[in-house]
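Biologist: Could you take me closely through one part of this model, and then show me how that part sits within the rest? I would like the reasoning spelled out where a number has to be compared with a cut-off.

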There are 2 protein chains.
Amino acid sequence: MHFADRLLSAIESKSAPVVVGIDPLLERLPSEIQPKSSTASAAALAMETFGRGVIDAVAPHVPAVKVNSAFFEAAYEHGVGAYFRLIEYAHERGLLVIGDIKRGDIGSTAKLYARGHLATPAFDDVRVERMPDAVTLAGYLGQSAVQPFVDIARETGRGVYVLVRPSDPGADRVHEFGSPDAPFYGHMAALIDEWGSSPEWIGECELSCVGAVVAPKDERSTRALRGRMPRTPWLVPGYGAQGATGAACAACFLPGGTGALVNASRSVIYAYEDTSESQRGGERWQTYVGAAARRFADELRTVAAHC
Amino acid sequence: MHFADRLLSAIESKSAPVVVGIDPLLERLPSEIQPKSSTASAAALAMETFGRGVIDAVAPHVPAVKVNSAFFEAAYEHGVGAYFRLIEYAHERGLLVIGDIKRGDIGSTAKLYARGHLATPAFDDVRVERMPDAVTLAGYLGQSAVQPFVDIARETGRGVYVLVRPSDPGADRVHEFGSPDAPFYGHMAALIDEWGSSPEWIGECELSCVGAVVAPKDERSTRALRGRMPRTPWLVPGYGAQGATGAACAACFLPGGTGALVNASRSVIYAYEDTSESQRGGERWQTYVGAAARRFADELRTVAAHC
């Protein structure tokens, strides 16, 4: 089944176009799951325990999680193992999974990244459930860097999200290169539309398996980008801790409220930090994470319903 | 000691401004070190054995190796472990090591990539020798994505190489965006020069710890880029299997033959493929790799001497 159709079906099952990002920072984990020793393997285990807890808490409310590879790579191969085990666990809980890896390199190297991060494993000791349903990519090395992933995506019902416009204002000096009418990010958007628009990449829902990462900025420029990529599913960062409101995300949706999946990471997974441990009165940290995921889903459900 | 000074000293010790890239493809490994089973752990072990053999063979001739993370990530956490063990082994053999990771993400995520790939480990079970002396980065998310790496580089005598112009012609539609006089890659070059030009980033050799990845294309544009980044050490891909000759690399050097480190991967590490196993008459595959590394070093020594 095509990635965009699987995604649409998952979103409909929870009536919420949202994804929760799992970005575990050791120093912010609940005290009861802090690492037991100062080793990378203990750190990886703590992150995995936290990730499983987040998945359990958010699974009733959201269709998907996004696992951010960077946070796991900070514990080297131990963390990378935890990254893949969390993907498998999220699949067991019926969630779609986006691997947030932002890889990008020349074609011959991209083939290897695609093998390691999206392809069905060719090894006897690696289960297919460990592979995410989609990954994020950097598209700055052109089509040959993205194509190995797209080929796998099409064959296996998986997807890719290529970065167009990040949420970090620090990127503006790169992304707004060119003229206000023809900025660099608009060029990337046109390329991504082109890479994903061939009929063979399009699902029944008329969206492609080649998506884009697009942070909402001013409404006008977001709508212009949306018009430029009419068949591209969007992954939308920047909500919550990074400052964007649900209303600011509205311009990311297609008419009918489809075509976008809004991510929240810190504002959901660290929701227990708003209440001190003594105030929680024995309530588990996951209760707060689940409640934040539900509020997030409720907000974006309303936003999408008005698009 | 500053990265650029360490690099210059390493280059002088072998009189050769070259680095050998370790990109192990299972299907191209010598028959005697093919994996013993179809598991990811056996694949990782075979890549590690090959990498150690390459390091032994090239260490007398070259100052540095570049380990390409993509090829190891294709065997998941098993491969990632092998990647770090190879870095440690190359250090034991007295080589500088570049970790070819091309990471790039927003500042809050880049901090984690920097912890996992360049920083001195904060864990009791991870030796500092496992960390590379420099990493390659994608700079498309702006200064906030690069800064966490640069801060670590400066504190620890390590370095970064930010991608300006890749060797893959497939990237041209992105990199030549803009006008012929003001292309996107020129903008990246100007940013990188700016990010690395503060006196605190400059070593005694007057080069920065913020380097650039620049493939040689036509001589005129390469010289223009070199003029734009007068204090930036370059890592130069594209030689050998990718088509660039030593002469084409000449424009990458500063006057006096410093400032560039030319990489060859496939043309060195698979040099045994030019001679069939029966023709080799019992000679080890490493003999051919060592001879190719020596020829590569000899050629670039001559090129640099004429700059």
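Modeller: A residue is called buried here if 20 or more other C-beta atoms lie within 10 Å of its own, exposed if there are 12 or fewer, and partly exposed in between. By that rule Lys102(A) counts as buried, because it has 29 C-beta neighbours inside 10 Å. Please keep in mind throughout that this is a predicted model; for chain A the mean pLDDT is 95, with 100% of the residues at 70 or more, and the predictor assigns the complex an ipTM of 0.97 and a pTM of 0.97.

Lys102(A) belongs to strand E3 (residues 96-103) of chain A, and its phi is positive, about 45°, although Lys102(A) is not a glycine. In chain B, strand E3 likewise covers residues 96-103 and includes Leu96(B), which is buried because 23 C-beta neighbours fall inside 10 Å. Setting aside neighbours within four places in sequence, the contacts of Leu96(B) are Arg6(B), Leu7(B), Ala10(B), Pro63(B), Ala64(B) and Asp133(B). The C-alpha of Leu96(B) is separated by 28 Å from that of Ala40(B), which is 56 residues away along the chain.

The part I would examine most closely is helix H6, beginning with chain A. Helix H6 (residues 143-156) of chain A has 14 residues, which at 1.5 Å a residue should span 20 Å, and its end C-alpha atoms are 19 Å apart, so the two values agree. Its buried residues are Ala145(A), Val146(A), Pro148(A), Phe149(A), Val150(A), Ile152(A) and Ala153(A). In reading such a list, it helps to recall that an α-helix has 3.6 residues a turn, so residues three or four places apart point the same way. The partners against which the buried residues of H6(A) pack are helix H1 (3-14), helix H5 (107-117), strand E4 (134-137), strand E5 (159-165), helix H8 (184-196) and strand E8 (210-214) of chain A. After H6(A) comes Gly157(A), with a positive phi near 70°.

Turning to chain B, the 14 residues of H6(B) should span 20 Å at 1.5 Å a residue, and the 19 Å between its end C-alpha atoms agrees with that. Buried in H6(B) are Ala145(B), Val146(B), Pro148(B), Phe149(B), Val150(B), Ile152(B) and Ala153(B), and they pack against H1, H5, E4, E5, H8 and E8 of chain B. Gly157(B), just after the helix, has a positive phi of about 75°.

A view from a neighbouring residue adds detail to this packing. Leaving out residues up to four places away in sequence, Val160(B) touches Val146(B), Phe149(B), Val150(B) and Ala153(B), and its list of contacts also includes Ala134(B), Val135(B), Leu137(B), Cys209(B), Val210(B) and Gly211(B). Val160(B) is also named, together with Val289(B), Val160(A) and Val289(A), among the residues with the most contacts inside the largest nonpolar core, a core of 239 residues.

Helix H6 also bears on the contact between the chains, to which chain B gives 50 residues and chain A gives 50 residues. In chain B, the helices that each supply at least two residues to the side touching chain A are H2, H3, H4, H5, H6, H7 and H8. Of these, H5(B) contributes the most, with seven residues, and the side of chain B that touches chain A is made up of 23 nonpolar, 17 polar and 10 charged residues.

As for how the chains are related, chain B is superposed on chain A by a rotation of 180° with 0.0 Å of shift along the axis, at an RMSD of 0.0 Å, which is the relation of a two-fold axis. Within chain B, Glu77(B) has the C-alpha nearest that axis, at 2.4 Å. The same surface is used by both copies, as 100% of the contact residues of chain B recur in chain A.

Two further residues of chain B show the intermediate class of burial. Arg85(B), in helix H4, is partly exposed, since 17 other C-beta atoms are within 10 Å. Glu206(B), in the loop between H8 and strand E8, is partly exposed with 14 other C-beta atoms within 10 Å, and its phi is positive, near 70°, although Glu206(B) is a residue other than glycine.

Technical notes:
Residues numbered from 1 in each chain as written. Chains lettered and ligands numbered in written order. Predicted model: local features only at pLDDT ≥ 70, side-chain atom pairs only at ≥ 80, totals over all residues. Core = buried A, V, L, I, M, F, W, Y, C linked by C-beta atoms within 7 Å. Contact = placed C-beta atoms within 7 Å. Helix = DSSP H or I, 4+ residues; strand = E, 2+ residues; numbered from the N terminus. Nonpolar A, V, L, I, M, F, W, Y, C, P; charged D, E, K, R; others polar. Expected span 1.5 Å × (residues − 1). pLDDT = per-residue confidence, 0-100. Least-squares fit on C-alpha atoms with pLDDT ≥ 70 in both.
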